[in-house]
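Work through the exercises below with the coordinates open. Each one gives a task and then a solution in steps.

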Amino acid sequence: MTERALRNEYRTTQVCVDDLQDGRFRGRLYNPFWKGCIPFNGVTEFLARMEEQLDLMQFPQSFTARRTFAEVTEKTSARREPLEMRRGEEATFYLRVLFRQNSSWQGDIQWAEGGQKQSFRSVLELLMMMSDRGQKLGSCPTRQKVRSAV
């Protein structure tokens, strides 16, 4: 039987954004429940990898069943490892998906470098918050100096 109750540290996923150009981002996902990091390249892959891992953890449980043409395979539990402090080259976020209702996610996101924490009601709102943070980073004078020196 799969363990259903997860401790609080397993509810937070660390999103390390390594590259942010023209609204596209590339990076890595970390969670103590998963083994190692999960790389992503672009918004679609970020969403797909997160959804796969939320399904694997069975937390939060999906409000609706996923429909697919592919054959359904049984999920297995991942090995649990402690979450280490990692940083993305562009930004680092702590993402907590609390609910998966109406075929979307609801939760909160905290920007590690700035400490600001905001709640989101949908995946679209989450992506807009992350993109907005990336645009502010891109307009930061110190980042422009570093990028122009390269």
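**Exercise 1. Describe the surroundings of Q53.**

Solution. The model is a predicted one. Begin with the side chain: that of Q53 makes a polar contact with the side chain of W34, at 3.3 Å. Next, place the residue: Q53 belongs to helix α1. Then list its contacts: with neighbours within four places in sequence set aside, Q53 touches W34 and I38. Last, check accessibility: Q53 has a relative accessible area of 13%, and because buried means under 20%, Q53 is classed as buried.

**Exercise 2. Determine how E52 and R49 are paired, and where they lie.**

Solution. Step one is the distance: the closest N and O atoms of E52 and R49 are 3.2 Å apart, and the two residues form a salt bridge. Step two is the location: both residues sit in helix α1 (residues 43-57), with a spacing of three residues, about one turn of the helix. Step three is the exposure: E52, at 38% relative accessibility, is partly exposed, and R49, at 26%, is also partly exposed.

**Exercise 3. Which parts of the chain does the pair of R100 and E51 link?**

Solution. First confirm the pair: the side chains of R100 and E51 meet in a salt bridge, 2.8 Å from N to O. The pair links distant parts of the chain, with R100 in the loop between β4 (91-99) and β5 (106-111) and E51 in helix α1, 49 residues apart. Now take the accessibility of R100: the relative accessible area is 4%, and R100 is buried.

**Exercise 4. Analyse the salt bridge of D108 and R96, then identify a network of shared partners.**

Solution. The N to O distance between the side chains of D108 and R96 is 3.0 Å, and they form a salt bridge. D108 is in strand β5 and R96 in strand β4, so this pair ties together parts that are twelve residues apart in sequence. For exposure, D108 counts as buried at 8% relative accessibility, while R96 is partly exposed at 25%. Turning to the network, salt bridges with shared partners join E51, D55 and R100. The count for the structure is six salt bridges.

**Exercise 5. Explain why C16 and C37 are not bonded to each other.**

Solution. Start with the total: a search of the whole structure finds zero disulfides. The sulfur of C16 has its closest cysteine sulfur in C37, 8.7 Å away, which is too far for a bond. The cut-off for a disulfide is 2.5 Å between the sulfur atoms. Seen from the other side, C37 is in no disulfide, and its nearest cysteine sulfur is that of C16. As to accessibility, C16 is buried at 0%, whereas C37 is partly exposed at 35%.

**Exercise 6. Which elements have the lowest and the highest mean pLDDT?**

Solution. Take the overall figures: the protein averages a pLDDT of 77, and 69% of the residues score at least 70. Among the elements, helix α3 (residues 141-149) has the lowest mean, 37, and strand β3 (residues 38-41) the highest, 96. Then look at two stretches. Residues 1-6 have pLDDT below 50, and beyond near neighbours in sequence this stretch makes ten contacts in the model. Residues 75-80 stay under 50 as well, with 17 contacts beyond four places in sequence. Where pLDDT is low, the predicted coordinates should not be read in detail.

Methods. Residues are numbered from 1 along each chain as its sequence is written. This is a predicted model: local features need pLDDT of at least 70, side-chain atom pairs count only at pLDDT 80 or more; totals for chains, interfaces and linings use all residues. Side-chain values use heavy atoms; hydrogens and water are left out. A salt bridge is a side-chain nitrogen of Lys or Arg within 4 Å of a carboxyl oxygen of Asp or Glu. Helices (H or I, at least four residues) and strands (E, at least two) are DSSP runs, numbered from the N terminus. Buried means under 20% relative accessible area, exposed over 50%, partly exposed in between (1.4 Å probe, protein chains only). pLDDT is the predictor's confidence in each residue, from 0 to 100. Contact means heavy atoms within 4.5 Å. A polar contact is a pair of N or O atoms within 3.5 Å; within protein, one must be able to donate a hydrogen and the other to accept it, and residues adjacent in sequence count only if both atoms are side-chain atoms.
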